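User: Please take a close look at the place where the two chains meet, with particular attention to the charged pairs found there. A connected account would be preferred to a list.

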Amino acid sequence: MLNYLASLPGAISQGLIWGIMAIGVYLTYRILDFADLTVDGSICTGACVCAMAVVGGLPLWLAMILATISGMLSGLVTALFNTVLGIPPILSGILTQLILWSVNLKILGKANQALSARNYKLLVTQLNPAWQNLLVLAIFCAAVIGVLYWFFGTETGSAIRATGNNPAMSRAQGINTNVMKVIGLVLSNGLVALAGALLSQFLGQADINMGKGAIVIGLAAVIIGEAVFGRRVRNFALSLLCVIGGSVVYYLVYQTVIYLGLDTDLLKMLSAVMVAIFLAIPYLKSKTKVRSKKTTDGEGHKNA
Amino acid sequence: MLELIGVKKTFNPGTVNAKQALAGIDLKLNEGDFVTVIGGNGAGKSTTLNAIAGSWPIDEGKIIIGGNDVTHMPEHKRAKFLGRVFQDPMLGTAANMEIEENLALAARRGKTRSLRWRITDAERKEYRELLSTLELGLEDRMTVKVGLLSGGQRQALTLLMATINRPHLLLLDEHTAALDPKTAAKVLETTDRIISQMNLTAMMVTHNMRDAITHGNRLIMMKDGKIILDIAGEEKKNLTVEALLDMFSKKSGEEFASDRALLS
């Protein structure tokens, strides 16, 4: 039991790191209405760039900026596949993901690079006291939320939201929807790679496999956030906070499930099943609504 | 104000599904013309409006709006010359955004979108007054998401958005067809008021012959991607549904083939 309690701050830290990644997923999936699978690759790219830059002797802040830029470039590639070459969103993301697999291997030069806090000065590591990690990550999360709140309140941010909401209307109102997609995907993958950079420090390594299934964790965080903290949150900053909350809940559950002795091999499957269920609920609900409308007749028209 | 010269468009060329939707459209609208467009299903009415708006490139011809050749201009760039209202009330607004946000988006049509805040207090005041002219009570619900409005309310709002900066040309694509008759009449009334107040040039596609006759100063009828009738002035004022049907069968050698037009 004590072991379990001692593991919770670490779980929360992981939750906060993945929360930043999940905000990236939220931007594409919820705001831009673009299911972007690039993130499985770009989170790993962020980790690889950060680890190699630090090991290569660059200061940490520069390594993290480079990592973020590498993610932004990944997002740009996906955006160009979609907007310039007309490749469907999901396929665009998968193609970039595959490109990044090779790129990440080339960056690392092998499958794994250790990044020990004993040898390098890092921001969040398991050697730090837990409160310090939590504080640093909370500041990161707050900064990300603050900047995004401002950006999506501007004319350009507003145009990005409109693009995801109704592309036909956006073009009719003179919005270049392709440019908005580019900005959205660049921003999203930049955040994802930043999360990757933090993750490599926290885990003490960059690994070629660390992005596998990242999209599912991101989606799970978004969905849990909405389910647990309220679907009807109207304030944009609060809905981003809900995403981070969702991610923390995910990792707390994850830690608990491990503590209870569940086979960790099954965790990815369970995550995927959970996401599938939550994604299915609104669809199934709408189907039953139609049925009950038929049977009650008239009742259902109240809101029409 | 608008000039279409020999505009042609074939969808799915070279396949068994090839369909010539526009077979050489020539049309010239003068400043302040309010043209109603009628015709059977597949006559090319909406296609004409989409060609003007730039939904896809045309195969042949020229499109000139207010002296600007827009033939090769992408849709979002042409938008600065145009105001558009679609048949589907869902299509003209962003449902997840607030009423005032939608208006602010429309007010920036044709301008560069910067990192300034998306709406100013001065604008809020202005939109409030503008919304009150609709007499739908929307001025007190400016921060409500548009998705919560009824179809009629959304069309009225889209109309405001389309005309918030005076467009060179207002394109109305059966914008009342999806509404119940009472709401449709109200939206049409608002349409008439805005067009005459701002002295706009407008094209209104409709399935309803009576609406086509009672609104506007000019009427064109389309069939098989061509304009087969163009009536203006006194002749348009004295037009009746019977006379119109008669002209149609004389011109095309067949009966007017749209039950919807006859019944409404």
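Analyst: The following account treats the contact between the chains, and then salt bridges and one buried residue elsewhere.

The model is a predicted one, and every value given here is computed from it. Chain B contributes 30 residues to the contact, and chain A contributes 22 residues. The size of an interface is often given as the accessible area lost when the parts come together. For chain B and chain A that area is about 2,400 Å², with 52% of it on carbon and sulfur atoms. Three residues, B:His76, B:Arg113 and B:Leu115, account for 26% of what chain B buries against chain A, more than any other three residues.

Polar contact joins 18 residue pairs between chain B and chain A, where both residues have pLDDT 80 or more. On the side of chain B that touches chain A, the elements giving two or more residues are helix H2 (75–78) and helix H3 (99–107) of chain B. The largest share, four residues, is that of H3(B). Sorted by class, this side of chain B holds twelve nonpolar, eight polar and ten charged residues.

Five salt bridges are found across the interface of chain B and chain A. One of them pairs B:Arg108 with A:Glu155, whose closest N and O atoms are 2.7 Å apart. B:Arg108 also forms a salt bridge within its own chain, to B:Glu123, again with the closest N and O atoms 2.7 Å apart. B:Glu123 lies in helix H4 (residues 121–132) of chain B and B:Arg108 in the loop between H3 and H4 of chain B, so this pair ties together parts that are 15 residues apart in sequence. Both B:Glu123 and B:Arg108 are buried. A network of salt bridges links these two residues with A:Glu155 and B:Arg116.

A further salt bridge is formed by B:Glu98 and A:Arg234, with 3.0 Å between the closest N and O atoms. B:Glu98 is in the loop between strand S6 (82–85) and H3 of chain B, and A:Arg234 is in the loop between H9 and helix H10 (236–259) of chain A, so the pair joins two chains. B:Glu98 counts as buried because its relative accessibility, 14%, is under 20%. A:Arg234, by contrast, counts as partly exposed at 49% relative accessibility.

Over all chains, a search of the whole structure finds 19 salt bridges. Among them is the one in which the side chains of A:Arg30 and A:Glu226 meet, at 2.7 Å from N to O. This pair links distant parts of chain A, 196 residues apart: A:Arg30 is in helix H1 (residues 2–31) and A:Glu226 in helix H9 (residues 214–229). A:Arg30 is partly exposed, with a relative accessible area of 32%, whereas A:Glu226 counts as buried at 14% relative accessibility.

Chain A also offers a buried polar side chain for inspection, that of A:Thr96 in helix H4 (residues 89–108) of chain A. The relative accessible area of A:Thr96 is 1%, so this residue is buried. A polar atom of the A:Thr96 side chain lies 3.0 Å from the backbone oxygen of A:Ser92. Leaving aside residues up to four places away in sequence, A:Thr96 touches A:Thr38, A:Ser74, A:Val77, A:Thr78 and A:Phe81.

Terms used: Residues numbered from 1 in each chain as written. Chains lettered and ligands numbered in written order. Predicted model: local features only at pLDDT ≥ 70, side-chain atom pairs only at ≥ 80, totals over all residues. Heavy atoms only, no water. Contact = heavy atoms within 4.5 Å. Buried area = accessible area lost by both parts, 1.4 Å probe. Salt bridge = Lys/Arg side-chain N within 4 Å of Asp/Glu carboxyl O. Polar contact = N/O pair within 3.5 Å; in protein donor to acceptor, adjacent residues only side chain to side chain. Buried < 20%, exposed > 50% of the residue type's maximum accessible area, 1.4 Å probe, protein only.
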